[in-house]
Amino acid sequence: MKVDTNPMQRAHGAPRCTAKSKRTGLPCNNPAVRGWMVCRMHGAGVGHGSGKANPAYKHGMRSREAEDSRRAVNELTRMARALKQLTGSIG
Ligand SMILES: [Zn+2]
């Protein structure tokens with residue numbers, strides 16, 4: 001089987017790093033890591049984890065789960081209050 005296309009075409013067509021040089025101001029243009037806008041030299045694959053892995057994590061009371069459950073409890077309380085007021089006005 002003969003392959004007409006250059007096997008490197010896919011590699012050359014890969015998205016390029018968007019980082020810009022501090023010295024020259026020119027773009028890096030290395031191939032970007034899959035799922036990232038930058039190459040391996042410009043920070044792809046690093047960064048903070050989420051939740052407890054994040055260095056800014058303090059006590060978890062502001063975590064997404066905690067906020068969601070707090071929001072749900074508040075909504076239930078609001079509904080209970082409204083129901084109480086409604087039933088109180090009827091009889
Ligand atoms: Zn780069």
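**Entry 1: overall form**

I began with the secondary structure and found two helices and zero strands in the chain. I then looked up the radius of gyration, which is 27 Å, whereas the globule rule gives 12 Å for 91 residues. The chain is therefore more spread out than a compact globule. I noted that this is a predicted model.

I next recorded the box that the C-alpha atoms fill along the principal axes, which is roughly 85 × 40 × 25 Å. For burial, I found that 3% of the 91 residues count as buried. I also checked the contacts with a separation of 6 or more, and residues 24 or more positions apart account for 2% of them.

**Entry 2: domains**

I looked up how the chain is divided, and I noted domain 1 (1-47) and domain 2 (50-91). Their centres, taken over C-alpha atoms, are separated by 45 Å.

**Entry 3: Met41**

I located Met41 in the loop between helix H1 (9-12) and helix H2 (64-90). I asked whether Met41 is buried or exposed. Met41 counts as exposed because it has 11 C-beta neighbours inside 10 Å, and the cut-off for an exposed residue is 12 or fewer. I then compared positions in sequence and in space: Met41 and Asn30 are 11 residues apart in sequence, and their C-alpha atoms are 8.7 Å apart.

**Entry 4: Asn29**

I found Asn29 in the loop between H1 and H2. Its backbone drew my attention, since Asn29 has a positive phi of about 65° although it is not a glycine. For background, I noted that most residues other than glycine have a negative phi. I counted 12 C-beta neighbours inside 10 Å for Asn29, so Asn29 counts as exposed.

**Entry 5: Gly13**

I placed Gly13 in the loop between H1 and H2. Gly13 has 9 other C-beta atoms within 10 Å and is therefore exposed. I also looked up a pair that is distant in sequence: Gly13 and Leu76 are 63 residues apart along the chain. The C-alpha atoms of Gly13 and Leu76 are separated by 53 Å.

**Entry 6: Ala80**

I turned to helix H2 and found Ala80 there. Which class of burial does Ala80 have, with 10 C-beta neighbours inside 10 Å? I entered Ala80 as exposed because of that count. Finally, I looked up Ala80 together with Cys39, which are 41 residues apart along the chain. Their C-alpha atoms are separated by 54 Å.

Note on methods: Residues numbered from 1 in each chain as written. Predicted model: local features only at pLDDT ≥ 70, side-chain atom pairs only at ≥ 80, totals over all residues. Helix = DSSP H or I, 4+ residues; strand = E, 2+ residues; numbered from the N terminus. Rg over C-alpha atoms; globule rule 2.2 N^0.38 Å. Buried ≥ 20, exposed ≤ 12 C-beta atoms within 10 Å, placed from the backbone. Contact = placed C-beta atoms within 7 Å. Domains from an automatic or database assignment.
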